[in-house]
Amino acid sequence: MEPPERYGRETAGFETAEKIILRWDSTVSEEAREKMIFEGDRCEVDRYLQAVDEIQRSISSTTISDDDQTKVNSAIQIAMARLEDEFRNILLVHIHALDIDSLLADLGSTSCSRTTSGRESSDFLEDDHLEQDETSTSAAASAAVVRDGGIRGSGSRDVLIHMESSSSAVSSYRSTNSIREVDLIPEETIEDLRSIAERMIAAGYLRECIQVYGSVRKSAVDLNFKRLNVEKLSIGDIQRLEWDALETKIRRWIRAVKVCVRVLFASEKRLCAQIFDGVGTAIDDACFMETVKGPAIQLFNFAEAISISRRSPEKLFKILDLHDALVELLPDIEVVFDSKSSDSIRVQAAEILSRLAEAARGILSEFENAVLREPSKVPVPGGTIHPLTRYSSDPSTPDMDFSELEGKTPLALHLIWIIVILQFNLEGKSKHYKDMSLEHLFMMNNVHYIVQKVKGSPELREMIGDDYLKKMTGKFRQAATRYQRATWVKVLYCLRDEGLHVSGGFSSGVSKSALRERFKSFNAMFEEVHRTQATWLIPDSQLREELRISISEKLIPAYRSFLGRFRSHIESGRHPENYIKYSVEDLETSVLDFFEGYPVSQHLRRRSQ
């Protein structure tokens with residue numbers, strides 16, 4: 001039996017502690033509802049915590065009577081409810097948006113550092129200066145190996161890239177110096193949170209503690225997600241987006257995921273360790289996962305949706321960008337999510353990386369097969385761009401100067417090879433035109449389209465290089481020259497002087513009959529070219545205008561000179577209008593009808609309106 005004096009001391013200690021606990025019972029006290037203990041006098045904070053400790057000691061006391069035990073249980077429930085409210089309030093007060101601009105600059109450095117959060121940032125990713133393209137500059141990581149060492153010859157079908165080596169190499173690499181932890185909550189406040197957590201967990205309120213912590217800190221993560229423009233979209237929502245909109249979101253996601261993994265999630269993990277480490281077994285990890293598991297899954301679902309979406313050539317470089325970003329981040333993901341309970345996050349990231357690699361390989365394979373095996377033999381009307389070229393646009397005879405390819409990445413080699421195959425295929429299709437001029441116009445249109453697509457894609461241009469781009473530019477210019485020769489040499493031949501002059505006997509000069517035939521030949525040829533080539537189509541307005549100008553620079557001066565030398569000989573005879581059908585201005589106007597893609601009659605109606 002316990003000594004009476006000890007019983008009295010314990011009873012007195014409990015009664016004093018009970019009074020303090022009841023004074024802060026928000027269910028019965030208006031003042032308790034309006035004030036928070038940890039926002040007031042530190043002496044009161046210490047008194048309250050000491051009272052909680054006293055109540056907890058009373059639970060295990062053997063000297064407490066049954067009636068007093070009931071009071072102890074009631075007091076501990078009131079105290080835990082109060083501490084839960086205090087815990088929640090402290091966490092809510094310290095929800096801050098990260099200073100995104102500073103963190104982006106900091107992530108560009110290589111040394112580990114810690115910064116302080118809490119300042120308002122500019123609207124991340126909405127500023128024009130942050131909307132720079134995330135080009136796929138680490139192509140060597142994305143396309144690490146070319147099977148059999150590269151392109152083997154003009155009939156090669158073995159130019160296939162794969163990315164497993166980059167992914168597997170990263171998975172075994174666990175160290176990282178790119179994580180940037182920030183102080184989410186001041187150190188003195190962390191001590192208060194830790195003192196509350198210790199008492200709640202000791203009293204058996206672990207689940208309540210974790211739930212409160214996770215719900216509040218998750219709202220802090222959601223706030224920063226919003227600032228980072230990480231949207232709550234389902235996989236279905238993402239797959240229904242138009243590609244233009246999706247491209248922008250991919251650029252934003254790549255920047256956002258780096259901040260999320262290296263700063264936001266890493267800092268949340270550190271905060272959990274500061275508050276809960278040593279309090280109980282793996283409690284810090286449980287709180288961390290309660291906080292970030294949902295947001296992390298939401299974040300990675302975006303990349304997952306892209307990895308399993310319908311494949312098409314225009315998606316290739318953005319898929320590679322996503323792949324490169326995850327390759328770069330995987331060591332950080334493994335460090336931040338290193339516990340058994342976070343296995344699912346690591347596995348999800350690794351599986352997405354694998355699917356992105358497979359998607360890129362699949363796109364290239366489908367792309368190459370489409371170029372190789374497109375079977376159509378019917379020429380496209382008007383020599384315009386073949387559907388195969390449009391399909392193949394995101395990436396002569398098939399002879400190649402292999403010295404030009406030295407130093408290029410495996411992916412660049414593969415893309416150049418596909419372009420070579422495409423040009424070879426197009427040349428085969430051009431032979432189906434019966435008109436040689438249209439054959440050359442078709443090649444000019446299609447090679448020009450490829451060149452413009454390469455120029456319009458920073459990633460593709462960087463990979464293929466300016467030297468090969470110049471070579472392709474030379475091909476479409478060569479096709480344009482061949483078109484002009486095939487069409488206009490015969491027409492301009494009518495405007496020569498040879499064969500028009502006669503001499504001998506009692507007269508010399510111009511043969512009017514020969515001159516009339518020459519004008520009739522010119523008129524017939526030009527009318528036929530005008531009628532036919534007005535229906536041909538050059539879709540690119542700049543190319544169309546350049547070719548018209550080139551035609552005019554040859555045709556108009558030649559006709560003006562011929563007309564100036566021989567007009568009088570025709571006009572002095574009968575029915576000159578039968579021979580001189582065109583003025584110089586008429587020819588200039590007629591050239592404007594060329595390559596519009598519809599008949600001359602429609603041009604005449606347009607000009608008369």
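Where does Ile-210 have its place? In this predicted model, Ile-210 belongs to helix H9, and with a relative accessibility of 15% it counts as buried. The neighbourhood of Ile-210 brings in residues from further along the chain: leaving aside residues up to four places away in sequence, Ile-210 touches Ala-286, Cys-287 and Glu-290. A separation of 9.1 Å is found between the C-alpha atoms of Ile-210 and Thr-291, although these positions lie 81 residues apart in chain numbering.

Cysteines also appear in this part of the model. Cys-209 is buried, at 0% relative accessibility. The closest cysteine sulfur to that of Cys-209 belongs to Cys-287, and at 5.8 Å it is too far for a bond. Cys-260 likewise counts as buried, with a relative accessibility of 0%. Across the structure, the count of disulfides is zero.

Stepping back to the whole chain, the model holds 23 helices and six strands. Half of the picture is interior: 50% of the 609 residues count as buried. The accessible surface of the protein chain amounts to about 28800 Å², and carbon and sulfur atoms contribute 50% of that area.

Aromatic side chains are a good place to continue. The count of aromatic pairs comes to 17. One of them joins Trp-253 and Phe-302, whose ring centres are 5.8 Å apart and whose planes meet at 20°; with planes under 30 degrees apart counting as stacked, this pair is therefore a stacked one. The two partners come from distant parts of the chain, with Trp-253 in helix H11 (residues 243-276) and Phe-302 in helix H12 (residues 283-307), 49 residues apart. Both Trp-253 and Phe-302 are buried. A tilted arrangement is seen in the aromatic pair of Tyr-433 and Phe-442, with 5.3 Å from centre to centre and 50° between the planes. Here too the partners are buried: Tyr-433 has a relative accessible area of 8%, and Phe-442 has one of 1%.

Aromatic residues also gather in a group. Tyr-483, Trp-488, Phe-522, Phe-526, Tyr-559, Tyr-582, Phe-594 and Phe-595 together make up one aromatic cluster. Elsewhere, rings are paired with basic side chains. Lys-269 sits over the face of Phe-288, 5.4 Å from the ring centre, and Arg-516 is placed over the face of Tyr-579, at 5.9 Å from the ring centre.

Turning to charged pairs, how many salt bridges does a search of the whole structure find? The search returns 36 salt bridges, and a few of them show how such contacts are placed. Within helix H4 (residues 66-93), Arg-88 and Glu-84 are four residues apart, which means a separation of about one helical turn. The side chains of Arg-88 and Glu-84 form a salt bridge with an N to O distance of 3.2 Å. Arg-88 is partly exposed, at 28% relative accessibility.

A further salt bridge brings together the side chains of Lys-249 and Glu-231, at 2.4 Å from N to O. This pair links distant parts of the chain, for Lys-249 lies in helix H11 while Glu-231 lies in the loop between helix H9 (206-227) and helix H10 (235-239), 18 residues apart. Lys-249 counts as buried, with 18% relative accessibility, whereas Glu-231 is partly exposed, with a relative accessible area of 39%.

Glu-596 and Arg-544 give another example, their side chains meeting in a salt bridge of 3.8 Å (N to O). This connection too spans distant parts of the chain: Glu-596 is in the loop between helix H22 (584-591) and helix H23 (600-608), Arg-544 is in helix H21 (residues 541-571), and the two are 52 residues apart. At 23% relative accessibility, Glu-596 is classed as partly exposed, while Arg-544, at 15%, is classed as buried.

Salt bridges can also join into a larger arrangement of residues. Lys-258, Arg-262, Glu-328 and Asp-332 are linked with one another in a salt-bridge network.

Definitions and conventions
Residues numbered from 1 in each chain as written. Predicted model: local features only at pLDDT ≥ 70, side-chain atom pairs only at ≥ 80, totals over all residues. Heavy atoms only, no water. Buried < 20%, exposed > 50% of the residue type's maximum accessible area, 1.4 Å probe, protein only. Areas by Shrake-Rupley, 256 points an atom, 1.4 Å probe, with all protein chains shown as cover. Phe/Tyr/Trp six-rings, centres within 6.5 Å; stacked < 30°, edge-to-face > 60°. Lys NZ or Arg CZ within 6 Å of the ring centre and 35° of its normal. Salt bridge = Lys/Arg side-chain N within 4 Å of Asp/Glu carboxyl O. Disulfide = S-S within 2.5 Å. Contact = heavy atoms within 4.5 Å.
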